[in-house]
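Dear colleague,

I am passing on the structure below for you to look over. My notes on what was found in it follow.

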Amino acid sequence: MSLVEVILIAIGLAMDAFGVSVSKGLMLTEKETHKKVILPLLFGIFQMLMPIIGWAIGVQFADTIAAYDHWIILVLLSYLGITMIRNSFDDTEDQEITTGWGEMLMLSIATSVDAMAVGITFAFLSVNVVYASSIIGIITFFISLVGIYAGRLLGNFFKSRAEMIGGIILLLIGVKILFQHLGYIS
């Protein structure tokens, strides 16, 4: 597998993390400035680790993972999205929306499940899995970092409903992944 192919795979895998980053960038407060880097870093780390885990699992579980990974992603992103939408209707003026560590880890796992499936395919190919996974992680980090700041810029325009918009984005990403895996969209 060539470097260009690995980069293209990395960009494709990073798109879900980018979408989630935009939605979280909409909501991060000034007190959470450090999370503007930590969240993309977690996305990059999980996108790097999941292909290695997938590669280690190998062929015997390929069909099992492919059969339900989209449902796991849908449930995780839907839960987070619905929670964000519900919280957006809370009229408490002094409510501070924070992104906790548990939520960041859950998002990192949800956006990297596809990377595990890619890792399984690496087991069939002539690929240096550590090298390819490192490239995937680095590209995901930078794309997610751009997403956080793009969301932050959008947040200046949509402050009052930023959490609702973020929740809707997460739901749409989950549904898109489900429809892709079910073959309704390519």
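In this predicted model, the largest nonpolar core has 16 residues, of which Leu13, Phe122, Ala132, Ile136 and Ile139 touch the most other members. At least two residues of this core come from each of α1 (3-25), α5 (113-122) and α6 (129-157), and it is α6 that gives the most, with six residues. Ala132, one of the residues named above, touches Val6, Phe122 and Val127 when residues up to four places away in sequence are not counted. Apart from this core lies another, of 14 residues, which includes Phe46, Ile73, Met104 and Ile173.

On the surface, Tyr68, Trp71, Ile72, Val175, Phe179, Leu182, Tyr184 and Ile185 make a nonpolar patch of about 750 Å², to which α3 (62-88) and α7 (162-182) are the elements that give two or more residues. Tyr184, a member of this patch, is found in the segment after α7 and counts as exposed because its relative accessible area is 63%, which is over the 50% cut-off.

As for annotation, the unreviewed UniProt entry lists residues 6-26, 38-59, 65-85, 105-125, 131-150 and 162-179 under "transmembrane region". Two of these spans can be set beside the model: residues 6-26 are 95% helix and 0% strand, with the end C-alpha atoms 30 Å apart, while residues 105-125 are 76% helix and 0% strand, and the end C-alpha atoms of that span also lie 30 Å apart.

With best wishes

Methods:
Residues numbered from 1 in each chain as written. Predicted model: local features only at pLDDT ≥ 70, side-chain atom pairs only at ≥ 80, totals over all residues. Heavy atoms only, no water. Patch = residues over 30% accessible without salt bridge, like charges linked within 9 Å, V, L, I, M, F, W, Y side chains within 5 Å. Areas by Shrake-Rupley, 256 points an atom, 1.4 Å probe, with all protein chains shown as cover. Salt bridge = Lys/Arg side-chain N within 4 Å of Asp/Glu carboxyl O. Helix = DSSP H or I, 4+ residues; strand = E, 2+ residues; numbered from the N terminus. Buried < 20%, exposed > 50% of the residue type's maximum accessible area, 1.4 Å probe, protein only. Core = buried A, V, L, I, M, F, W, Y, C linked by side-chain atoms within 4.5 Å. Contact = heavy atoms within 4.5 Å. UniProt positions renumbered as here; feature names shortened; annotations may be inferred.
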